[in-house]
Amino acid sequence: MATISGVKREDVRKENPLFSRFRVTIETPFYGNNVVNVTSLKEAYKLAKNSPGTIVTDLEIFEPEKLGLDPGSKVLLFNDGAVYGRAAAARRILGQKGVNPDKYASLLREAVYNTRYRNLYHAQAFVGLHEDFIVRAHILIPEGYENLLYNWLLNFQPVTETYIEMYRRSRIFENEGDIFVFSDPDWSDPEHPLGLSFFDTEHNCAALLGMRYFGEFKKGTLTLAWSIASRNGYVACHGGQKRYNLPDGRKFVVGVFGLSGSGKSTITHAHHGDKYDVTILHDDAFIISLEDGSSVALEPSYFDKTADYPLTSPDNKYLLSVQNVGATLDDKGRVVIVTEDIRNGNGRAIKSRLWSPNRVDKFDEPVSAIIWLMKDNSLPPVLKVTNPILASAMGATLATKRTSAERLPPGVDMNALVFEPYANPFRTYPLSHDYYGFKELFESRNVACYIFNTGYFLDKKVTKELTLSLLESIIEGSAKFKKWGKFSDFEILEVEGFIPDFSDKDYKDLLEKRIKDRINFVISKESERGGFDKLPPEVLESLEKLIVELE
């Protein structure tokens with residue numbers, strides 16, 4: 001079995017690498033006499049349906065029996081109040097500079113103690129959907145937050161006989177214990193106004209305190225699974241991946257990496273007018289093997305924005321649950337949802353895996369191309385990066401804009417350009433691990449690297465239709481890339497109306513500034529958090545080379 005669920009008595013010792021004081025503190029309350037074990041999705045649905053404040057809509061779940069639910073199950077709606085996004089500022093990771101182990105060990109013990117007069121729910125699920133990578137996860141959630149419990153089981157893979165058998169056959173990861181996540185959404189502390197997400201990733205455990213937005217629970221669990229993957233020969237991917245099964249027998253597997261709102265899900269689920277036979281792995285969470293380039297999906301369902309899906313959208317056929325959207329009555333008196341972010345930003349829904357008719361959980365074929373999705377108005381709609389060092393360096397300095405999926409501290413500019421390495425703000429291990437992992441894919445496995453600007457080039461919007469047409473030309477092999485200016489490691493596919501003019505001093509100055517912004521970002525990592533995310537010197541050298549070539 002992939003992760004260790006039970007320990008021999010003689011191995012329950014301080015020297016066992018499975019244990020730490022944080023893991024012991026977090027795991028212990030799972031066995032309390034105030035804990036109710038929820039062992040099926042049907043049971044979790046009933047609890048959520050009857051939880052105070054839940055809205056049982058008149059939208060029926062499509063083919064619920066295939067998902068482990070009863071016939072006639074309805075889409076449940078639950079809203080969170082003022083909070084409707086993640087709070088990256090609330091994260092504390094054991095081992096990073098400024099995270100005092102004694103302080104947080106005491107804080108966690110007290111948080112656990114203060115749940116003893118409440119009923120708690122314990123549920124289990126699998127993260128990873130193939131015997132190559134499947135790990136067991138446990139979550140503890142207080143009574144009153146049944147919708148969080150239900151959504152967590154919808155998002156990951158509930159424990160069923162089929163997956164128990166897969167787990168029995170799975171690859172064993174030595175010294176990796178099950179994932180344990182303790183939570184108390186009612187916790188508060190003046191020192192942590194946005195709540196606290198505490199991770200001891202080496203021991204696969206976390207505490208989510210003062211958090212009630214489901215995205216914290218989804219990404220908190222994925223954080224630990226990605227960490228396990230990174231330690232065991234995989235590259236962790238916050239992105240989407242699809243396979244184009246072409247008429248000539250070729251298979252083109254493309255991974256797209258970007259934050260919410262960058263077009264990641266749009267590209268992953270695009271039908272291209274049914275021009276291609278497309279197979280989807282996932283639109284948010286997967287891993288790539290460094291051994292053979294294959295990929296495994298980590299989740300069965302999709303946690304998608306509702307902003308682009310009005311009530312009559314055919315995609316809503318696959319809704320399972322909805323969060324932070326409105327409700328109203330239709331003309332027949334039925335309770336329906338009000339989407340398009342009228343109530344607040346970042347309305348969300350969990351959609352069934354049936355949303356993607358051609359869905360699989362593993363691609364045996366190695367990845368063909370990786371696309372960094374950026375919102376940087378100095379960049380043309382598409383570039384090809386031909387040097388593995390620069391290709392991984394550009395992923396490490398992926399430029400984007402903040403979105404409504406994030407809960408930001410006061411004073412943070414939503415419109416400022418920011419860098420989010422590999423579009424993964426959930427990394428809890430050193431950034432260099434991902435740098436070397438992606439570099440190996442580009443270098444050893446000859447994976448092609450592209451940058452798609454899905455925002456604006458100067459003041460001209462790059463439309464979704466243009467982005468998809470560019471992707472189609474790459475897939476079909478008709479894209480004619482040429483040397484970009486004097487750059488030795490960039491090639492450009494020229495698009496009418498979006499061609500950079502190097503004779504324009506203002507443009508050249510803007511591009512130089514953005515390259516220098518990347519350089520400064522890399523330099524900042526040498527000292528931030530005690531150098532935890534320091535990158536190797538070759539990253540800085542590859543970016544400084546761009547400045548020389550631009551002059």
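This report looks at one sheet, one hairpin, three helix contacts and one lysine in a predicted model.

## The five-stranded sheet

Strands of a sheet pair through backbone hydrogen bonds, in a parallel or an antiparallel way. Here, five strands build an open sheet. Their order across the sheet is 2-3-17-20-16. The pairing is mixed.

Strand 2 (55-60) and strand 16 (302-305) stand at the edges. Each has a single partner strand, so one side of each is left without a neighbour in the sheet. On average, neighbouring strands of this sheet are turned by 25° against each other, direction ignored.

Now take one pair inside that order. Strand 3 covers residues 74-78, and strand 17 covers residues 319-323. They pair in the parallel sense, over three bridges. Which residue of strand 17 stands opposite Leu 76? It is Ser 321.

## A hairpin

Strand 18 (residues 326-329) and strand 19 (residues 335-338) run antiparallel. Four bridges join them. In one of these strands sits Val 336, the bridge partner of Thr 328.

Five residues lie between the two strands of this hairpin. Look for Gly 333 there: this glycine takes a positive phi near 80°.

## Helix 2 against helix 4

Helix 2 spans residues 41-49, and helix 4 spans residues 146-155. Their axes are 8 Å apart and the packing angle is about 150°. Angles over 145 degrees count as roughly antiparallel. Helix 2 and helix 4 are therefore roughly antiparallel to each other. The crossing is left-handed.

Which residues of helix 2 make this contact? They are Leu 41, Ala 44, Tyr 45, Leu 47 and Ala 48. From helix 4 come Glu 146, Asn 147, Leu 149, Tyr 150, Leu 153 and Leu 154. By class, the contact of helix 2 with helix 4 has nine nonpolar residues, one polar and one charged.

## Helix 8 and its two contacts

Helix 8 (residues 388-396) meets helix 9 (residues 431-444). The two axes come within 8 Å and cross at roughly 140°. That makes helix 8 oblique to helix 9. The crossing of this pair is right-handed. Helix 8 brings Pro 388, Ile 389, Ala 391, Ser 392 and Ala 393. Helix 9 answers with Asp 434, Tyr 435, Phe 438, Lys 439, Phe 442 and Glu 443. The contact of helix 8 with helix 9 divides into seven nonpolar residues, one polar and three charged.

Helix 8 also meets helix 12 (residues 537-550). How do these two helices cross? Their axes come within 9 Å, at roughly 95°. Helix 8 and helix 12 are therefore roughly perpendicular to each other. Here helix 8 uses Ile 389, Leu 390, Ala 393 and Met 394. Their counterparts in helix 12 are Glu 538, Val 539, Ser 542, Leu 543 and Leu 546. The residues of the contact of helix 8 with helix 12 divide into seven nonpolar, one polar and one charged. Ile 389 and Ala 393 appear in the contact with helix 9 and in the contact with helix 12.

## Lys 460

Lys 460 sits in strand 28 (residues 460-461). Is Lys 460 buried, exposed or partly exposed? It is partly exposed, with a relative accessible area of 38%.

Leaving out residues up to four places away in sequence, Lys 460 touches Gly 455, Gly 497 and Phe 498. Along the chain, Lys 460 and Gly 497 are 37 residues apart. In space, their C-alpha atoms are separated by 8.6 Å.

Conventions. Residues numbered from 1 in each chain as written. Predicted model: local features only at pLDDT ≥ 70, side-chain atom pairs only at ≥ 80, totals over all residues. Heavy atoms only, no water. Pairing = 2+ DSSP bridges. Axes fitted to C-alpha atoms, helices over the stretch in contact; angles between N-to-C directions. Buried < 20%, exposed > 50% of the residue type's maximum accessible area, 1.4 Å probe, protein only. Contact = heavy atoms within 4.5 Å. Parallel < 35°, antiparallel > 145°, perpendicular 65-115°, else oblique. Left-handed = near helix turned anticlockwise from the far one by under 90°. Nonpolar A, V, L, I, M, F, W, Y, C, P; charged D, E, K, R; others polar.
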